[in-house]
Each structure stands twice: as structure tokens, then as C-alpha cells.
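Please open the model in your viewer and keep the selection panel at hand, since this tour moves from one selection to the next and says what is found at each stop.

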Amino acid sequence: MSPTPVDQSDNRHHGGCRCGAVRFSIDDDPEHVSYCHCADCRRATGAPVTAFVGFATERVSFTGERPATWVSGPVTRSFCVVCGSPIAYFDRRIGGRVYFLLGAMDAPQNYRPTLHAHVAEKLPFLHMPDGLPRFDGTSVARPRETTETAESRTRSAD
Ligand SMILES: [Zn+2]
Ligand SMILES: [Zn+2]
């Protein structure tokens, strides 16, 4: 295991990329922790299922290298230019939120997902019998997407 640079800030939550060039910290607790089964996340990470920890953008600070970004429609994904690790995604339809890859957090065991999103795209051999709520599409309503109405109706207050 390679050493992780010590973050000198007093922030509560810390994370970074595989090589340590990108470091970030957040001084508030996450608003959202979820699994995503969508094909876009699958391509972006190479993993059969992805998990994200969502924070208010204004509470996040970056140190070291700025991550590079790649834009696809309303979604911007960021990654380390040195080691290629995925860092986060932003959705312009959900202002003021950043969703870090759960695996980019320094203490991923502290962020227990509370739901599964995009289970309509879940791989058929993947079974996660955890009893968590499941959404065919997104779990956080995107205001300009009419297809989100069904999930908006059934989602719990968050
Ligand atoms: Zn890196
Ligand atoms: Zn996804």
C-alpha cells in the first residue's frame, strides 16, 4: 500500500485518487450515499456496480492536481490526469452537488449506501440482497427529465 499524503485540514471527510496527486476534503457530512447500476458509470469506472457519496459542492476543497473532466450531456465526470482514477461526477440538472466515487474516499467503510439507482441497467448476474430501496432510474429527481416522475413519487424524503 502506497502512503497517502497527510491532509492537514480539519475537515471531516477526505479522499483522493490512486496516486495521491488529487486530494480533496469536505467539511460537512454527505447528503447522499448510493449504488449506481447504470451503463454510463460502468463504462466510466470499469466496475460492475458503482457507488457514490454526495456532498454540497460549496463544502468541498481540492488540493494538489486539479482533476481533468469529461462532459457527456448534463453529466461531467472528473478523473486524475496522472493515474486515471475516477474522482467524481456532477450533473448540471442537480445544482450545487458533487458525487464522489465511494472508492475515492479515504475511509470508504464509513459511507454505507442507502439505495440502488438505475437497477433497470443492473447486470443480471449481480445479486445484492441488502433490502435497500431500488430505483429503476435515478434516485435524485432531475427537474427537466419527465421520465423521473415515477421515481420522484416513490422516493423517500431526503
Ligand atoms: Zn492520481
Ligand atoms: Zn450511474
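Which residues have the most contacts inside the largest nonpolar core? Select Phe52, Val53, Ile87 and Phe100, for these have the most contacts inside that core, which has 28 residues. A nonpolar core here is a set of buried Ala, Val, Leu, Ile, Met, Phe, Trp, Tyr and Cys residues joined through C-beta atoms within 7 Å. A residue is buried if 20 or more other C-beta atoms lie within 10 Å of its own, exposed if 12 or fewer, and partly exposed in between, with C-beta atoms placed from the backbone.

Before going further, please note that this is a predicted model, in which local features need pLDDT of at least 70 and side-chain atom pairs count only at pLDDT 80 or more, while totals for chains, interfaces and linings use all residues. Residues are numbered from 1 along each chain as its sequence is written, and chains are lettered from A and ligands numbered from 1 in the order in which they are written.

**The whole chain**

Colour the chain by pLDDT, the predictor's confidence in each residue, from 0 to 100: the average is 87, and 84% of the residues score at least 70. Now select residues 145-158, where the pLDDT is below 50 and where the stretch has, beyond near neighbours in sequence, 15 contacts in the model; two residues are in contact if their C-beta atoms, placed from the backbone, lie within 7 Å. Where pLDDT is low, the predicted coordinates should not be read in detail.

Switch to a cartoon view, and two helices and 10 strands can be followed along the chain; helices (H or I, at least four residues) and strands (E, at least two) are DSSP runs, numbered from the N terminus. Starting at the N terminus, the elements come in the order β-β-β-α-β-β-β-β-β-β-β-α. Of the 158 residues in the chain, 30% are buried.

**The seven-stranded sheet**

Return to the core and show the elements that give two or more residues to it, namely E2, strand E3 (32-36), E4, strand E8 (86-91) and strand E9 (97-101). From Phe52, leaving aside neighbours within four places in sequence, look for the contacts with Ser34, Cys36, Tyr99, Phe100, Leu101 and Leu102.

Next, select the seven strands that form an open sheet of mixed pairing, in the order E6-E7-E8-E9-E4-E3-E10; two strands pair if DSSP finds at least two bridges between them. Strand E6 (68-72) and strand E10 (116-117) stand at the edges, and each has a single partner strand, so one side of each is left without a neighbour in the sheet.

Within this sheet, strand E7 (residues 75-79) runs antiparallel to E8 and is joined to it by five bridges, with Ser78 standing opposite Ala88. The two strands form a hairpin with six residues between them, and Gly84 in the turn has a positive phi of about 85°. Ala88 also stands opposite Phe100 in E9, where E8 and E9 pair in the antiparallel sense over two bridges. The hairpin of E8 and E9 has five residues between the strands, and Gly96 takes a positive phi near 75°. Move now to E3 and E10, which pair in the parallel sense over two bridges, and find Tyr35 with its bridge partner His116 in E10.

**The three-stranded sheet**

Select E1, E2 and E5, which form an open sheet in the order E1-E2-E5 with antiparallel pairing. Strand E1 (13-16) and E5 stand at the edges, each with a single partner strand, so one side of each has no neighbour in the sheet. Four bridges join E1 to strand E2 (residues 22-26); among the residues to label are His14, whose bridge partner is Ser25, and Gly16, which stands opposite Arg23. E1 and E2 form a hairpin with five residues between them, and Gly20 in the turn has a positive phi of about 90°.

**Two last stops**

Is Glu58 buried or exposed? Glu58, in the loop between strand E4 (50-56) and strand E5 (60-64), counts as exposed because it has 12 C-beta neighbours inside 10 Å. Glu58 lies 8.3 Å from Arg97, C-alpha to C-alpha, although the two are 39 residues apart in sequence.

Finally, select Ala44 in helix H1 (residues 39-45), which counts as partly exposed, with 19 C-beta neighbours inside 10 Å. Not counting residues up to four places away in sequence, Ala44 touches Arg77 and Pro86.
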